[in-house]
Amino acid sequence: MLDRLSFPQPWLSLILFTTWQLLSDGVSGASIVMGLILAWLIPQLTQGFWPERPAFVKSWRMPMYLAVVLKDIVVASFSVARLILSPRQPRPIFVCYPLQLEQPLAITILASTISLTPGTVSVDVSDDNKTLLIHALDAASDQEVIGAIHNRYEKPLMEMFQ
């Protein structure tokens, strides 16, 4: 009985409840009851569509990871602007990045991080989740791109997810 009353996606339930309260015409007993029903029912109905929850071993490292990514976005923005405004021609390159990550969510975070950083775009993930195709706007070699991504992004993600 208690298992039926559980919330399989507690964060989703909280967001649904809060959104319902914000959209309601004032907080009342009826809106709270309806919000609780929706916060419980919608995750129950969509439970089969949710992937397995990844094991965040060291989730406390995520704020530091985000800080590194934000810093890299700012620095790369200036680097790309300087490259575009300079007479020097960029050296675009496609790189097949060998993934060591195994968790689908971790791979998605890595690919998104690469795409968010100006000058690089993750293009494709292989069917076996072992290789990530990356386009770099300006790089001297494959190893330069692979080393930078591995040290700055993949290693911290491996620590968080494995």
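A residue is termed exposed when its relative accessible area is over 50%. In the predicted model described here, L45 meets this criterion, because its relative accessible area is 62%. L45 is situated in helix 2 and belongs to a nonpolar surface patch of about 520 Å², which also contains W20, V33, M34, I37 and L41. Helix 2, spanning residues 29-46, provides the largest share of this patch, with five residues.

The largest pocket of the model encloses about 650 Å³ of space. Its lining comprises 27 residues, of which A76, T117, P118, T120 and D138 are the closest to the centre. Helix 3 (62-85) and helix 5 (142-161) each contribute at least two residues to this lining. The greatest contribution is that of helix 3, which supplies eight residues. By residue class, the lining of the largest pocket consists of 14 nonpolar, five polar and eight charged residues.

Side chains of opposite charge can pair when their charged atoms come close. Four salt bridges were found in a search of the whole structure. In one of them, R61 is paired with E159, and the closest N and O atoms are 2.2 Å apart. R61 is located in the loop between helix 2 and helix 3, whereas E159 is part of helix 5; the salt bridge therefore ties together parts of the chain that are 98 residues apart in sequence. R61 is partly exposed, at 28% relative accessibility, and E159 is likewise classed as partly exposed, at 33%.

Two further salt bridges involve D138. In the pair formed by D138 and R88, the closest N and O atoms are separated by 2.6 Å. This pair links distant parts of the chain, 50 residues apart: D138 lies in the loop between strand 3 (131-136) and helix 5, and R88 in the loop between helix 3 and strand 1 (93-98). With a relative accessibility of 25%, D138 counts as partly exposed; R88 also counts as partly exposed, at 41%.

D138 additionally forms a salt bridge with R91, for which the closest N and O atoms are 3.1 Å apart. R91 is found in the loop between helix 3 and strand 1, and this pair connects parts of the chain 47 residues apart. The relative accessible area of R91 is 40%, so this residue is partly exposed. Through shared partners, the salt bridges join R88, R91 and D138 into one network. D138 thus appears both in this network and among the residues closest to the centre of the largest pocket.

Methods
Residues numbered from 1 in each chain as written. Predicted model: local features only at pLDDT ≥ 70, side-chain atom pairs only at ≥ 80, totals over all residues. Heavy atoms only, no water. 1 Å grid on protein atoms, 1.4 Å probe; cavity = no way out; pocket = protein on both sides within 12 Å on 5 of 7 lines; lining within 4 Å. Points joined across faces, edges and corners; volume = space filled by probe spheres on them. Helix = DSSP H or I, 4+ residues; strand = E, 2+ residues; numbered from the N terminus. Nonpolar A, V, L, I, M, F, W, Y, C, P; charged D, E, K, R; others polar. Patch = residues over 30% accessible without salt bridge, like charges linked within 9 Å, V, L, I, M, F, W, Y side chains within 5 Å. Areas by Shrake-Rupley, 256 points an atom, 1.4 Å probe, with all protein chains shown as cover. Salt bridge = Lys/Arg side-chain N within 4 Å of Asp/Glu carboxyl O. Buried < 20%, exposed > 50% of the residue type's maximum accessible area, 1.4 Å probe, protein only.
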